[in-house]
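Grab a coffee and work through these exercises with the model open beside you. Try each task yourself before you read its solution.

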Amino acid sequence: MIYVVIGFLWLAICLYVILGGADFGAGIVELFTKKKSRHKTKEIMYQSIAPVWEANHMWLIIAIVILFVGFPEIYTTMSTYLHIPLVLMLVGIIARGTAFTFRNYDAVKDDWQVLYTLIFYYASLLTPFFLGLIAAATVSQSINPDATTFLDLYIFSWLNWFGIAVGLFTIALCAYLASIFSLRETRDKADLDLMIKKSKQTMIFVVITGALVFFTAYISNIPLVTWVFSKPLGIMSIAFATIALGLIFRAMKQRKLLPVRALAGFQVIMILVAATYQHNPDIILLANGNHLSLLEHVAAPKTISALAWALMLGSLFILPFLFYLMFSFSRLRK
């Protein structure tokens, strides 16, 4: 049953990065669009994230519940040493969702719309940045339970150059996903050309920030290159992600947009596999040389069994209705 729970944990993380990433990316792409094209970009992005923007945080909640119930020591470590970026990320999620709602559905259109829009933009930008900081902290061996000062325990456990680079990479990845997901929401050639241009720009940003991640890992003595390229699985993951990028370019050139979302989601999964498979199932690497493992630091067997059954039964209700939600929005746009 433990592998069922771990499987659902990784599924929730992957779906949140893909769907939530595209959601956050909508605000990022709109923020970095020229003012003359911003209104059109807003309309396209709204159509793109409409099926998932209220539902995508469900995957984050599922991941948190799995950690809390099934891996309490891992949950405690993260919520203790990373509580500052976690709180900032949650504040960003709440602020962004609230601003999006009032910006689009407020009965009165006045100067407050400007404030709602700014909150939406910068919450969309900062939330994935803190998500990247958190992810980097779990593998950078920066969490030091033996530290004796506040800064070492609760600030430098996540605030470092590698974490900043991963945060920027996460922002780029979210913008890329949003741009790719929006291609099928365009109504005419001009809109499609605009979003293809945005997709290519965000691709460049992903490559640059990805290189920055490897550079900061090198100067921080984090063996990221070894993790990714020392075994066939990592090399194959990067190769598949690169091939998927080429297929996306080809689909955009031929204006065949049906597979681009699946290919972009596949790319994200390959990136996650390449970055994590080497130290899996160790989910947190500590500065003192210890680690927290999904197989070793686990709840009682009866708890894991009950959690696994709850996840399997719950998925029978959640997944079909999620697909129906996306299908309904797709039919509505026709």
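**Exercise 1. Is Asn-221 buried or exposed, and which two helices does its loop join?**

Step 1: Asn-221 has 68% relative accessibility, so Asn-221 counts as exposed. The cut-offs are under 20% relative accessible area for buried and over 50% for exposed, with partly exposed in between (1.4 Å probe, protein chains only).

Step 2: Asn-221 sits in the loop between helix H9 (189–219) and helix H10 (224–229). Helices here are DSSP runs of H or I with at least four residues, strands are E runs of at least two, and both are numbered from the N terminus.

Step 3: check the backbone. Asn-221 isn't a glycine, yet its phi is positive, near 60°.

A word on the ground rules. This is a predicted model, so local features need pLDDT of at least 70 and side-chain atom pairs count only at pLDDT 80 or more, while totals for chains, interfaces and linings use all residues. Residues are numbered from 1 along each chain as its sequence is written, and side-chain values use heavy atoms, with hydrogens and water left out.

**Exercise 2. Run the backbone check on Gln-141 and find its place.**

Step 1: Gln-141 is a residue other than glycine with a positive phi, near 55°.

Step 2: its place is the loop between H6 and H7.

Step 3: at 41% relative accessibility, Gln-141 counts as partly exposed.

**Exercise 3. Which residues of helix H4 are buried, and what covers them?**

Step 1: in H4 (residues 72–81), the buried residues are Ile-74, Thr-77, Met-78 and Tyr-81.

Step 2: these residues cover an arc of only 95° around the axis, so they lie on the same side of H4. The arc is taken over directions from the helix axis to the C-beta atoms.

Step 3: the cover includes helix H3 (57–70), helix H5 (83–105), helix H6 (112–139), helix H7 (150–155), E1 and E2. Contact is heavy atoms within 4.5 Å.

**Exercise 4. Follow the chain from Asn-280 into the hairpin of E1 and E2.**

Step 1: a cis peptide bond links Asn-280 to Pro-281, with omega about 10°. Pro-281 belongs to the loop between helix H12 (260–276) and E1.

Step 2: E1 (residues 282–285) pairs with E2 (residues 291–293) in the antiparallel sense over 3 bridges; strands pair if DSSP finds at least two bridges between them. Asp-282 has Ser-293 in E2 as its bridge partner.

Step 3: the hairpin has 5 residues between the strands, and Gly-289 takes a positive phi near 95° there.

**Exercise 5. How many cavities of 30 Å³ or more are there, and which helix gives the largest share of the lining of the largest one?**

Step 1: the search of the whole structure turns up 1. A cavity is a set of points on a 1 Å grid over the protein atoms alone where a 1.4 Å probe fits but cannot get out, and lining residues have an atom within 4 Å of a point.

Step 2: the largest cavity holds about 40 Å³ of space. Grid points are joined across faces, edges and corners, and the volume is that filled by probe spheres set on them.

Step 3: helix H1 (2–31), helix H2 (35–49) and H5 each supply at least two lining residues, and H2 has the largest share, with 4 residues. Among the lining residues are Glu-30, Lys-42, Phe-100 and Arg-103.

Technical notes:
1 Å grid on protein atoms, 1.4 Å probe; cavity = no way out; pocket = protein on both sides within 12 Å on 5 of 7 lines; lining within 4 Å.
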